[in-house]
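Work through the following exercises with the sequence and the structure open beside you. Each exercise begins with a task and continues with a solution in steps.

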Amino acid sequence: MSIIPVPRVAVVVVAAGSGTRLAGGAPKAFVGVDGHTILHHALRSVFAAAPAQVVVVAPASRVGDALTEVDATAGDRRDLATVVAGGETRQDSVAAGLAALWADVEVVLVHDAARALTPPEVFARVIAAVDAGHDAVVPVLPVVDTLKRVADDVVVEAVDRSVLAAAQTPQGFRRAVLDAAYAAATAEFTDDTALVQHAGRAVHTVAGADLSFKITTQADLARARAIVAPVPPAPRVGVGTDVHAFGGDGTLWLAGLEWPGEAGLHGHSDGDAVAHAIVDAVLAAASLGDIGTHFGVDKPEYAGAHAPAFLRRTAEILAEAGWRVGNVSVQVQANRPRFAARRLEAEQVLSAALGAPVSVSATTTDGLGFTGAGEGVAAFAVAVVVPR
Ligand SMILES: Nc1ccn([C@@H]2O[C@H](COP(=O)(O)OP(=O)(O)OP(=O)(O)O)[C@@H](O)[C@H]2O)c(=O)n1
Ligand SMILES: C[C@](O)(CO)[C@H](O)COP(=O)(O)O
């Protein structure tokens, strides 16, 4: 692990928006592009830029998922990154990010996660302009459409586009200037250079980039998907296993079924090794971590939970990342219970919860190993996932 000096630059990545205009089925930053989320792609370019403190501002309910994306993208800069909860407006979220900056930071960039494909060189241009002495810097593109001033659906006048520019992010600031502007803010602005200019500071422009477009609508998402993954990703396969020992409280729950009269299994949840092996196989296929990543013992809502709770949430996580389950095959290895009479029932319960075909088979080890000794059960699952 290389020792990176405490950085003088910080990047606040605002990712706490709801994505109303996108209607992507999840907070925008967690909608899938190519099997990775918008936030994942945004963080890839942030961490590819100059070393900086990185503060990700996520929806309060998705701080854990944002940490997962930081873990997946930060590499040896993981110690430079933190995640905080955002606010009601973009400006509230920026303020939350600013509050998390380290004392040594002198230059602050504020970047929309929604501009997920921003090339790292734009970050370099903005930092260089602040270092050259500008209080505030905004990357811009020339306006290419003819613009009109409109009122009540009537064109009032044409607007001279030669004096206009389209603002992008990351927007860069001397930290003292941005902190002072936020401390004095009395109105909402849609970007940070507007707020700083309202506070009386000059704003300098640098060249933006076509790839820095903001993913706002489904058309923008389709554009990003065509850039990132011109050819739809092939189906992917994943494997998952799980083991639980008999001796837990209550009756047995396995493969989504209750088995009256059979010994229960130990576990944070109901110990259903079949369901947990399926979760691991599906998440592994989409490279989205494993059951511990999303359902760890720190999630009290899964204490004692049964298979449908795990499988429904796993299907949601997959969909948000741009995947769906093709099918799953799972085999349980155990002396008891006897599956033959209820195998189809188990397949129906598991398939309904996952939203995809799950086939179940069962076997014993002819007395060998811990399952053969009746100490517990083991389950082995293979899953195929395909692009949504
Ligand atoms: N309360 C908010 C609102 C927006 N943002 C972030 O600010 C950036 C630009 O906002 P926008 O593209 O408008 O995102 P949303 O607000 O999610 O989109 P919409 O307006 O369609 O709901 C996005 O990266 C978004 O995550 C934020 O961190 N906190
Ligand atoms: C900050 C910004 O991306 C600059 O163009 C834009 O103002 C964000 O606007 P939004 O309505 O919050 O997407």
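**Exercise 1. Confidence and overall make-up**

Establish how confident the predictor is in the protein, and then describe the protein's general make-up.

Solution. Begin with confidence: this is a predicted model, in which the mean pLDDT of the protein is 95 and 98% of its residues reach 70 or more. The scores for the model are ipTM 0.97 and pTM 0.67. Where pLDDT is low, predicted coordinates should not be read in detail. Next, take the secondary structure, which comes to 12 helices and 15 strands. Then turn to burial, where 49% of the 388 residues of the protein count as buried. Finally, consider the contacts between residues at least 6 apart in sequence, of which 73% join residues at least 24 apart.

**Exercise 2. The largest pocket**

Find how much space lies in the largest pocket, and work out which residues are the closest to its centre.

Solution. The first step is the volume, since about 640 Å³ of space lies in the largest pocket. The second step is the lining, which has 29 residues, and of these the closest to the centre of the pocket are Arg21, Lys28, Arg90, Asp112 and Lys214. The third step is to sort the lining by character, which gives nine nonpolar, 12 polar and eight charged residues.

**Exercise 3. Two nonpolar cores**

Identify the residues with the most contacts inside the largest nonpolar core, and state which helix gives the most to this core.

Solution. Start from the largest nonpolar core, which has 48 residues, and in which Leu254, Val274, Ile278, Val282, Val328 and Leu350 have the most contacts. The helix that gives the most to this core is H8 (residues 273-285), with 10 residues. Apart from this core lies another one, of 44 residues, which includes Ile38, Leu117, Phe123 and Val137. In soluble globular proteins, nonpolar side chains tend to be buried together.

Now look at Leu254 in detail: when residues up to four places away in sequence are not counted, Leu254 touches Trp259, Leu265, Asp272, Ala273, Val274, Val332, Pro337, Phe339 and Val377. One of these partners, Pro337, returns in Exercise 5.

**Exercise 4. Helix H1 and the loop that follows**

Decide whether helix H1 (residues 38-48) is largely enclosed or largely open, and then place Ala49 in its surroundings.

Solution. Count the buried residues of H1, taking buried to mean under 20% relative accessible area. Nine of the 11 residues of H1 are buried, so the helix is largely enclosed by the rest of the structure. The buried residues are Ile38, Leu39, His40, His41, Ala42, Leu43, Ser45, Val46 and Phe47.

Next comes Ala49, in the loop between H1 and strand E2 (53-58). Because its relative accessible area is 10%, Ala49 counts as buried. Leaving aside neighbours within four places in sequence, Ala49 is in contact with Arg77, Pro120 and Phe123. Ala49 and Val122 are 73 residues apart along the chain, while their C-alpha atoms are separated by 8.8 Å.

**Exercise 5. Cis peptide bonds**

State which residues are joined by the cis peptide bonds at Pro170 and at Pro337, and locate each proline.

Solution. For Pro170, the cis bond is with Thr169, and omega is about 10°; this proline lies in the loop between strand E8 (165-167) and strand E9 (171-174). For Pro337, the cis bond is with Arg336, and omega is about 0°; this proline is found in the loop between strand E13 (323-333) and helix H11 (343-354).

**Exercise 6. Three aspartates in loops**

Classify Asp152, Asp366 and Asp104 by accessibility, and describe where each one sits.

Solution. Asp152, in the loop between strand E6 (147-151) and strand E7 (154-159), has a phi near 50°, a positive value in a residue other than glycine. Exposed means over 50% relative accessible area, and Asp152, at 75%, is therefore exposed.

Asp366, in the loop between strand E14 (358-363) and helix H12 (369-372), also has a positive phi, near 50°. With 71% relative accessibility, Asp366 counts as exposed.

Asp104 lies in the loop between helix H3 (90-98) and strand E4 (107-112), and with a relative accessible area of 46% it is partly exposed. Apart from residues up to four places away in sequence, Asp104 touches Val6, Pro7 and Arg8. From Asp104 to Val9 the C-alpha to C-alpha distance is 8.5 Å, although the two are 95 residues apart in sequence.

Notes: Residues numbered from 1 in each chain as written. Chains lettered and ligands numbered in written order. Predicted model: local features only at pLDDT ≥ 70, side-chain atom pairs only at ≥ 80, totals over all residues. Heavy atoms only, no water. pLDDT = per-residue confidence, 0-100. 1 Å grid on protein atoms, 1.4 Å probe; cavity = no way out; pocket = protein on both sides within 12 Å on 5 of 7 lines; lining within 4 Å. Points joined across faces, edges and corners; volume = space filled by probe spheres on them. Nonpolar A, V, L, I, M, F, W, Y, C, P; charged D, E, K, R; others polar. Core = buried A, V, L, I, M, F, W, Y, C linked by side-chain atoms within 4.5 Å. Buried < 20%, exposed > 50% of the residue type's maximum accessible area, 1.4 Å probe, protein only. Helix = DSSP H or I, 4+ residues; strand = E, 2+ residues; numbered from the N terminus. Contact = heavy atoms within 4.5 Å.
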